Amino acid sequence: MNEPVFVIPLWADLTAVGLGGVQGALFASGFSDDGTGGRRLDLLGVAIIGIVMGMGGGLIRDLLLNVAPTTLQSNWYLLTAAGAALVGMLLANVFQRLNGVIVALDAVVIGLFGAFGTSKALVLGLPVVPAVFVGVCAAVGGGILRDVIMGLPVAVMHVGSLYAVAAGVGCAVLAGAVALGAPVAAAAVAGVIVTTVIRLLAVIFDISLPEQRALHRRKVALETTSIPVIRPAAD
């Protein structure tokens, strides 16, 4: 029995790769003018980060699904990622003045990679929960690779605006819609929209998951309130 074939439209895949390349180059460009003697990147370094951000999600997705990496089956993926990284480098000063554009770009990239990963996993026959997991890994994979290569703390592991959570909710919506009989393409669009909206709202309203230490302090406070405190009698 032949395995089902899932083909992401080339224009859609290249759009995600290009947006990821621009975003990665913009992020890396912030380290290129460090005058404090700290972390500095040359043009090649910025280009590499852009390419990793553009292609990383797709590579991680296909490795988890044990299929040939789509991004290595065509010349266009690497060319698009490299070209997008170049655009990000050349227009870094312009984009840095448009913080909202960068935030929106980040949200859309997460949504696209998450939707593509979950859709492909579902069509290849994975159950809903593993398919959502693959989608989330594809959504955050480029950022994880970027942080590891740059020697930075992995952003998804630390307190901040909802990142993996936004991807997880969007991928879950996609998987749920497909399970209810919706076409994969329509479900993917819904997943991208949900992920993008949640991510943007998290940034705008500074929403994040509770910090682990805060949870511990809250637990201790609740426990100690039940302990009677004996105060010395007044003279």
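Helices here are DSSP runs of H or I with at least four residues, and strands are runs of E with at least two, numbered from the N terminus. With that in hand, we can take a walk through this predicted model.

## The overall plan

Counting elements in the chain gives nine helices and zero strands. Read from the N terminus, the order is α-α-α-α-α-α-α-α-α. The chain has 235 residues, and buried residues make up 40% of them. What about contacts along the chain? Among those between residues at least 6 apart in sequence, 77% join residues at least 24 apart.

## How helices pack

Three helix pairs are set out in the table.

| Helix pair | Angle between axes | Distance between axes |
|---|---|---|
| α1 (residues 10–29) and α3 (residues 75–90) | about 35° | 7 Å |
| α5 (residues 99–123) and α7 (residues 164–179) | roughly 35° | within 9 Å |
| α5 and α6 (residues 128–150) | about 145° | 7 Å |

Let us start with α1 and α3. Helix α1 passes α3 in a right-handed crossing. On the α1 side, the residues that meet α3 include Leu10, Val17, Gly18, Gly21 and Ala25, while the α3 side includes Trp76, Ala81, Ala84 and Gly88. By class, the residues of this contact are twelve nonpolar, five polar and one charged. Which residue is the charged one? It is Asp13 of α1, because Asp, Glu, Lys and Arg are the residues that count as charged.

Next come the two partners of α5. The crossing of α5 and α7 is right-handed. Helix α5 brings Ile110, Gly114, Ala115, Thr118, Ser119 and Leu122 to this contact, and α7 brings Ala167, Cys171, Leu174, Ala175 and Val178. Eight of the residues in the contact of α5 with α7 are nonpolar, three are polar and none is charged.

Helices α5 and α6 also make a right-handed crossing. Here α5 contributes Ile110, Phe113, Gly114, Gly117, Thr118, Ala121 and Leu122, and they face Val128, Ala131, Val132, Val134, Gly135, Ala138 and Ala139 of α6. The contact of α5 with α6 has ten nonpolar, four polar and no charged residues.

## Residues inside the helices

Is Arg61, in helix α2, buried or exposed? Arg61 counts as buried because its relative accessible area is 1%, and the cut-off for buried is under 20%. Leaving aside neighbours within four places in sequence, Arg61 is in contact with Ile8, Asp13, Thr70, Phe116, Gly117, Lys120, Val134 and Ala138. One of these, Asp13, also belongs to the contact of α1 with α3.

Leu59 sits in helix α2 as well, which covers residues 43–65. Its relative accessibility is 26%, so Leu59 counts as partly exposed. Beyond its neighbours within four places in sequence, Leu59 is in contact with Pro69, Thr71 and Leu72. Pro69 is ten residues from Leu59 along the chain, and their C-alpha atoms are separated by 5.7 Å.

Ala187 lies in helix α8. With a relative accessible area of 1%, Ala187 is buried. Setting aside residues up to four places away in sequence, Ala187 touches Leu174, Ala177 and Val178. Two of those names, Leu174 and Val178, appear in the contact of α5 with α7 too. Cys171 is 16 residues from Ala187 in sequence, and the two are 9.3 Å apart in space, C-alpha to C-alpha.

## Loops with a positive phi

Most residues other than glycine have a negative phi. Where are Asn66 and Asp206, then? Asn66 is in the loop between α2 and α3, and its phi is near 60°, a positive value. Asn66 counts as exposed because its relative accessibility is 70%. Asp206 is in the loop between α8 (184–204) and α9 (212–225). Its phi is positive too, at about 55°, although Asp206 is not a glycine. At 63% relative accessibility, Asp206 also counts as exposed.

## Rings

How many aromatic pairs does the structure hold? The number is zero. There is, however, a ring with a charge over its face: Arg146 lies over Phe27, at 4.0 Å from the ring centre.

How values were computed:
Residues are numbered from 1 along each chain as its sequence is written. This is a predicted model: local features need pLDDT of at least 70, side-chain atom pairs count only at pLDDT 80 or more; totals for chains, interfaces and linings use all residues. Side-chain values use heavy atoms; hydrogens and water are left out. Axes are lines fitted to C-alpha atoms, for helices over the stretch in contact, and angles run from 0 to 180 degrees between N-to-C directions. A crossing is left-handed if the near helix is turned anticlockwise from the far one by less than a right angle, and right-handed if clockwise. Contact means heavy atoms within 4.5 Å. Rings of Phe, Tyr and Trp (its six-membered ring) pair if their centres lie within 6.5 Å; planes under 30 degrees apart count as stacked, over 60 as edge-to-face and the rest as tilted. A charge sits over a ring if NZ of Lys or CZ of Arg is within 6 Å of the ring centre and within 35 degrees of the ring normal. Buried means under 20% relative accessible area, exposed over 50%, partly exposed in between (1.4 Å probe, protein chains only).
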